[in-house]
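Load the model and switch on the cartoon. Keep the sequence panel open, and follow the stops in order.

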Amino acid sequence: HDRTVEAAEMPRSSGGEFRCSCCDFHCRYDYFGRQPPKVSEGIAWLEDVYLLENPAPGESGKVPLICLGACCSVCGVPVCTSGSCSLFYQCRFCKRCAGDAHDYFPAGLEKELRRLLH
C-alpha cells in the first residue's frame, strides 16, 4: 500500500482480458490508457482505464466506448467501476485501500464509502 502507481508506469495496450480484483467480473477490453484511438481529440479520461468498444451501439445510444475499470492508484490492482468494488475521488481506490484511508476522505463521500465498505 505504500507505493503509488504512476500513470506513466502503466503500459498502454490495445487489448486483452480485464479482471476485477474485487469481484468475479471479467471481460475483453480493447484499449488501456487515457486517450483511446477513435475518440475525438481533446477527450481524455482522468485516469488510465480499460475500455471496451461498444458491441451494440444501436441499442446503447451513441456511446462509442464502455469503461470497464481502472487500476487502484495506491496498490495498482485492477478494479471495475462498480460502487461495491472501487471509488473514484481525484483518483481510483480499490475497496481495501479506500477502507485503509477512509478517515482521509471528505464527509461528503460518506454514502459512497459506506456502500463500498459494507
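Is Arg-92 buried or exposed? At 8% relative accessibility, Arg-92 counts as buried. Here buried means under 20% relative accessible area, exposed over 50% and partly exposed in between, with a 1.4 Å probe and protein chains only.

Some ground rules before moving on. This is a predicted model, in which local features need pLDDT of at least 70 and side-chain atom pairs count only at pLDDT 80 or more, while totals for chains, interfaces and linings use all residues. Residues are numbered from 1 along each chain as its sequence is written, and side-chain values use heavy atoms, leaving out hydrogens and water.

**Stop 1: Arg-92 and its partners**

Select Arg-92 in strand S8, residues 91-94. Helices (H or I, at least four residues) and strands (E, at least two) are DSSP runs, numbered from the N terminus. Show side chains. Arg-92 and Glu-47 are joined by a side-chain polar contact of 2.6 Å. A polar contact is a pair of N or O atoms within 3.5 Å; within protein, one must be able to donate a hydrogen and the other to accept it, and residues adjacent in sequence count only if both atoms are side-chain atoms.

Now add Ser-86, in strand S7 (residues 86-89). Its side chain makes a polar contact of 3.1 Å with the side chain of Arg-92. Ser-86 counts as buried, at 5% relative accessibility.

Widen the selection to contacts, meaning heavy atoms within 4.5 Å. Neighbours within four places in sequence are left aside. On that basis Arg-92 touches, among others, Cys-71, Cys-72, Val-79 and Thr-81. The list for Ser-86 includes Val-79, Thr-81, Phe-93 and Leu-116.

**Stop 2: the S1–S2 hairpin**

Select strand S1 (residues 16-19) and S2; they pair antiparallel over 4 bridges. Two strands pair if DSSP finds at least two bridges between them. A hairpin of 6 residues joins S1 to S2. Find Phe-18: its bridge partner in S2 is Cys-27.

Look along S2 (residues 26-29), where side chains alternate. Cys-27 and Tyr-29 point to one face and are buried. His-26 and Arg-28 point to the other and are not.

**Stop 3: S4 and its flanking strands**

Which strand is largely enclosed by the rest of the structure? Strand S4 (residues 49-53) is, because 4 of its 5 residues are buried. Add strand S3 (residues 31-33), which runs antiparallel to S4 and is joined to it by 3 bridges. Gly-33 has Val-49 as its bridge partner in S4. Next add strand S5 (residues 65-71), paired with S4 in the antiparallel sense over 5 bridges. Tyr-50 stands opposite Gly-69 in S5.

Step into the loop between S4 and S5 to find Val-63. At 40% relative accessibility, Val-63 counts as partly exposed. Its C-alpha is 8.9 Å from that of Glu-53, 10 residues away in sequence.

**Stop 4: the cores**

A nonpolar core is a set of buried Ala, Val, Leu, Ile, Met, Phe, Trp, Tyr and Cys residues joined through side-chain atoms within 4.5 Å. The largest has 24 residues; Phe-18, Tyr-50, Leu-68 and Phe-105 have the most contacts inside it. Elements giving this core two or more residues include S2, S4, S5, helix H1 (95-100) and helix H2 (110-117). Apart from it lies another core, of 5 residues, among them Tyr-31, Val-49, Leu-51 and Ala-70.

Finish on Tyr-50. Beyond four places in sequence, its contacts include Phe-18, Tyr-29, Leu-68 and Pro-78.
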